Each structure stands twice: as structure tokens, then as C-alpha cells.
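Here are my notes after a pass through the model, in numbered points. Have the viewer open while you read, since I jump around the chain a bit.

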Amino acid sequence: MISVRTLATAACALVVMLGPSLSAGQGVSGRVSILERGNARTDDLADAVIYLEPRSGSQSPARATTQIVMESKRFIPHVRVMPVGGAVEFPNSDPFRHNVFSKSGPGEFDLGLYGRGESRAAEVRRAGVYPIFCNIHSTMVAYIVGVATPHYTQPESDGSFRLERVPPGAYRLHVWHERGGTHSREVDVGAQGASGLDVRLDARGHRFVQHRNKFGQEYSPAGRDRY
């Protein structure tokens, strides 16, 4: 028979074991909003990216692989976050060929022309924002955001976000959005985490600029696409 004293001792030991684990990784939460021209409604808050970088030292993210699918002349999803050292696969689900490339940002790549059922991958070697295009279809645009931290996320459609299991410490919070630009600020995460980290980005000065193909030339009219 197990005595009450034995159970109490075991319970105390359990609290001691769980205590450091809980305090070592609490939630960090907040909300992203975007100031639009003419007070227009924002319908793409889920395309924002939020991540935390330690202000001293570093925390290496685990390498990973993810996908951006090409379907109906679109990249799905429009934005992907990828830890540095990982890879993004681009499977082609369309009945015609695509040529994925990136010529700006922290690194360049060109996956060449390939057809339905095929997939090729690009490695994210450096942190930063990689604009992704198709050399055949001018309307296809996506972004890879490479991060050198394991603490990253994308918000819900209402802009709310939460990063789980963030160790206490001094961090720099980064928020990026295609139209709203970048916001950074210092954040101190305590043993109970941090909340109320609301960020408002300003998209009122954003202007659409048509990108060029991988040769630096203008795209041909859509009706003349060969694929």
C-alpha cells in the first residue's frame, strides 16, 4: 500500500520537474493590423509573418521542408516562412509548364521549365524575403520569408497571432507584410510569456509595380503566353 506521505512526496517531485519546463517556454501573443488607403478593409492579414530573434546569442532553427504548389496559375500559399537551411518544393499541378525563379532578395535561384506532376526545390540559405515569380505567367507571385530562428508564425485571418514555448529573454520582434512593409521592436519575454504585442503596419504608400521576367524583360501580353 502506498502511504499518503509517499504520494505527497511524489507530487512535490512532479511539480519540481514540471516547473522549469513550463517557465522555460510560454506563449507570446498579439495582433497585426494594417492601415489601408481610404480606410479600405484588409483581407490578407494571414499573409503577414511574425518572428522573434534573440537580442544576444542565437537559437538555431530545425531544418525543414515545405511546399508552395502551382495550381490554376497561382502559387498556393502566397507566403511561406522557412527556417534558414530548409528547402521549399514547388510541385506543378497545372496542365502546362512553369518556370519558378527569384532574382532579388538574399539569394537567387532558377528552377527551369517543368511540367505537370513534376516538382523542384529551392534551398533557403540566408534569412530575408525572397520574391518568387514564374517566367511564363506574369500574374504569379509568392514570397518565401527565410528566418534564422525557431520562433515564427503567421497570423489568423483577423490578425491575431501566438508563438508557443518561447524561453524567457530579450528578443526583437519582427513583423513583415507584402504591402505593409516591416516593423521591428524590442520585446522582453518573462516567465509567463508576453501578450498584447499589437502591431499596426502602414500600407497607404504601397504602389503595385509589375515585375519583369528572369531576363529583365517585360512579359508578353497574357493572350500570347505559349503555355
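1. Salt bridges, overall count. Let's start with charges: there are 12 salt bridges in the structure. Keep in mind that this is a predicted model, so the side-chain distances below are computed from predicted coordinates.

2. Asp158 and Arg31. This pair forms a salt bridge, with 3.3 Å from N to O. Asp158 sits in the loop between β13 (152-153) and β14 (160-166), and Arg31 is in strand β1 (residues 26-35), so the bridge ties together parts that are 127 residues apart in sequence. How exposed are the two ends? Asp158 is partly exposed at 40% relative accessible area, and Arg31 is also partly exposed, at 38%.

3. Lys214 and Asp110. Another bridge that links remote parts of the chain: the N to O distance for Lys214 and Asp110 is 2.9 Å. Lys214 belongs to the segment after β17, while Asp110 is in strand β9 (residues 109-114), so parts 104 residues apart in sequence are tied together here. Asp110 has 37% relative accessibility and counts as partly exposed. On the subject of shared partners, Arg55, Arg172, Glu186 and Asp188 are joined into one salt-bridge network.

4. Glu108 and Lys103. I'd look at this one with the cut-off in mind: the N to O distance is 4.0 Å, and a salt bridge is counted within 4 Å. Glu108 is exposed, with a relative accessible area of 56%; Lys103 is partly exposed at 40%.

5. The four-stranded sheet. Which strands make up the open sheet, and in what order? The order is β13-β2-β15-β16, and the pairing is antiparallel. β13 and β16 are the edge strands, each pairing on one side only. Strand β15 (residues 169-177) runs antiparallel to β16, and the two share 9 bridges. If you want a register check, His174 has Ser184 in β16 as its bridge partner.

6. The turn region after β16. Gly190 is in the loop between β16 (181-189) and β17 (194-202). Gly190 is partly exposed, at 29% relative accessible area. Its C-alpha atom is separated by 8.8 Å from that of Ala170, which is 20 residues away along the chain.

7. The largest nonpolar core. This core has 20 residues, and Val28, Val32 and Leu173 have the most contacts inside it. β1, β2 (49-54), β14, β15, β16 and β17 are the elements that give two or more residues each. β17 supplies the largest share, 4 residues. Taking Val32 as an example, the residues it touches beyond four places in sequence include Leu45, Ile50, Phe161, Val175, Val199 and Leu201. Asp158, from point 2, is also among the contacts of Val32.

8. The second core. A separate core has 19 residues, among them Met70, Ala122, Tyr130 and Met140. As background, nonpolar side chains in soluble globular proteins tend to be buried together.

9. Strand β12. Is this strand buried or exposed? Of the 7 residues in β12 (residues 141-147), 6 are buried, so the strand is largely enclosed by the rest of the structure. Strand β6 (residues 79-83) pairs with β12 in the parallel sense, over 5 bridges. Strand β11 (residues 128-134) pairs with β12 in the antiparallel sense, over 6 bridges. Val145 makes a handy landmark: Val81 stands opposite this residue, and so does Val129. β11 and β12 form a hairpin, with 6 residues between them.

10. Confidence. What is the mean pLDDT of the chain? The value is 88, and 86% of the residues reach 70 or more. The part to be careful with is residues 1-24, where pLDDT stays under 50. For that stretch the model has 7 contacts beyond four places in sequence. Predicted coordinates should not be read in detail where pLDDT is low.

Conventions:
Residues numbered from 1 in each chain as written. Predicted model: local features only at pLDDT ≥ 70, side-chain atom pairs only at ≥ 80, totals over all residues. Heavy atoms only, no water. Buried < 20%, exposed > 50% of the residue type's maximum accessible area, 1.4 Å probe, protein only. Salt bridge = Lys/Arg side-chain N within 4 Å of Asp/Glu carboxyl O. Pairing = 2+ DSSP bridges. Core = buried A, V, L, I, M, F, W, Y, C linked by side-chain atoms within 4.5 Å. Contact = heavy atoms within 4.5 Å. pLDDT = per-residue confidence, 0-100.
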